[in-house]
Amino acid sequence: NDERFYKGPLEQYFGYLIALRAKFIIAISHAVARFMQNQLKIEPNKLKVIHYGIDTSSYHLPLSYTRP
């Protein structure tokens, strides 16, 4: 996902300032978390990766299920 919250001069600086004030930061992937660590110098302990989507492993169809 390359949609940025701000495009313009001092983009990384503003991202860093916003991240400094945050207690926790959610990244949508490990790649985004690495980017935030490397480019914005975010402390790894502030980052939590939460992926998009639904964990389908918790949903099971009954064995007797047939499609209508």
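# Worked exercises on a predicted model

There's one aromatic pair in the structure. Tyrosine 13 and phenylalanine 14 make up this pair, which is tilted, with 6.1 Å from centre to centre and 50° between the planes. Rings of Phe, Tyr and Trp (its six-membered ring) pair if their centres lie within 6.5 Å; planes under 30 degrees apart count as stacked, over 60 as edge-to-face and the rest as tilted.

Before you start: this is a predicted model, where local features need pLDDT of at least 70 and side-chain atom pairs count only at pLDDT 80 or more, while totals for chains, interfaces and linings use all residues. Residues are numbered from 1 along each chain as its sequence is written, and side-chain values use heavy atoms, with hydrogens and water left out.

## Exercise 1: the ring pair and its exposure

Work out whether tyrosine 13 and phenylalanine 14 are buried, partly exposed or exposed.

Step 1. Get the cut-offs: buried means under 20% relative accessible area, exposed over 50%, partly exposed in between (1.4 Å probe, protein chains only).

Step 2. Tyrosine 13 has a relative accessible area of 45%, so it is partly exposed.

Step 3. Phenylalanine 14 comes in at 33%, so it is partly exposed.

## Exercise 2: the layout

Write down the order of the secondary-structure elements.

Step 1. Elements are DSSP runs, numbered from the N terminus: helices (H or I) need at least four residues and strands (E) at least two.

Step 2. The protein has two helices and two strands.

Step 3. Starting at the N terminus, they run α-β-α-β.

Step 4. As a check on burial, 15% of the 68 residues count as buried.

## Exercise 3: the nonpolar core

Find the members of the largest nonpolar core, then look at alanine 19 and leucine 47.

Step 1. A nonpolar core is a set of buried Ala, Val, Leu, Ile, Met, Phe, Trp, Tyr and Cys residues joined through side-chain atoms within 4.5 Å.

Step 2. The largest one has eight residues: Ala19, Ile25, Ala27, Ala33, Met36, Leu40, Ile42 and Leu47. Strand 1 (25-27) and helix 2 each supply at least two of them.

Step 3. Alanine 19 sits in helix 1 (residues 11-21). At 5% relative accessibility, alanine 19 is buried. Leaving out neighbours within four places in sequence, alanine 19 is in contact (heavy atoms within 4.5 Å) with Ile25, Ile42 and Lys46.

Step 4. Leucine 47 belongs to strand 2, and its relative accessible area of 14% makes it buried. With neighbours up to four places away set aside, leucine 47 is in contact with Ile25, Ala33, Met36, Gln37 and Ile42.

Step 5. Alanine 19 and leucine 47 are 28 residues apart in sequence, and their C-alpha atoms are 9.9 Å apart.

Step 6. For context, nonpolar side chains tend to be buried together in soluble globular proteins.

## Exercise 4: a buried lysine

What does the side chain of lysine 46 reach?

Step 1. Place the residue: lysine 46 is in the loop between helix 2 (30-39) and strand 2 (47-49).

Step 2. Try charges, with Lys and Arg counted as positive, Asp and Glu as negative, and His and the chain ends not counted. A salt bridge needs a side-chain nitrogen of Lys or Arg within 4 Å of a carboxyl oxygen of Asp or Glu. Lysine 46 is buried but has no salt bridge, and the nearest side chain of opposite charge, glutamate 43, is 5.7 Å away.

Step 3. Try polar contacts: pairs of N or O atoms within 3.5 Å where, within protein, one must be able to donate a hydrogen and the other to accept it, and residues adjacent in sequence count only if both atoms are side-chain atoms. The lysine 46 side chain reaches the backbone oxygen of leucine 20 at 3.0 Å and the backbone oxygen of alanine 22 at 2.8 Å.

## Exercise 5: the two ends of helix 2

Describe what serine 29 and lysine 41 do around helix 2.

Step 1. Serine 29 is in the loop between strand 1 and helix 2. Serine 29 caps the N-terminal end of helix 2, with a side-chain oxygen 3.4 Å from the backbone nitrogen of alanine 31. A polar side-chain atom of serine 29 also lies 3.1 Å from the backbone nitrogen of valine 32.

Step 2. Beyond four places in sequence, serine 29 touches Val49 and His51.

Step 3. Lysine 41 follows helix 2, and its phi is positive, near 60°. Most residues other than glycine have a negative phi. At 58% relative accessibility, lysine 41 is exposed.
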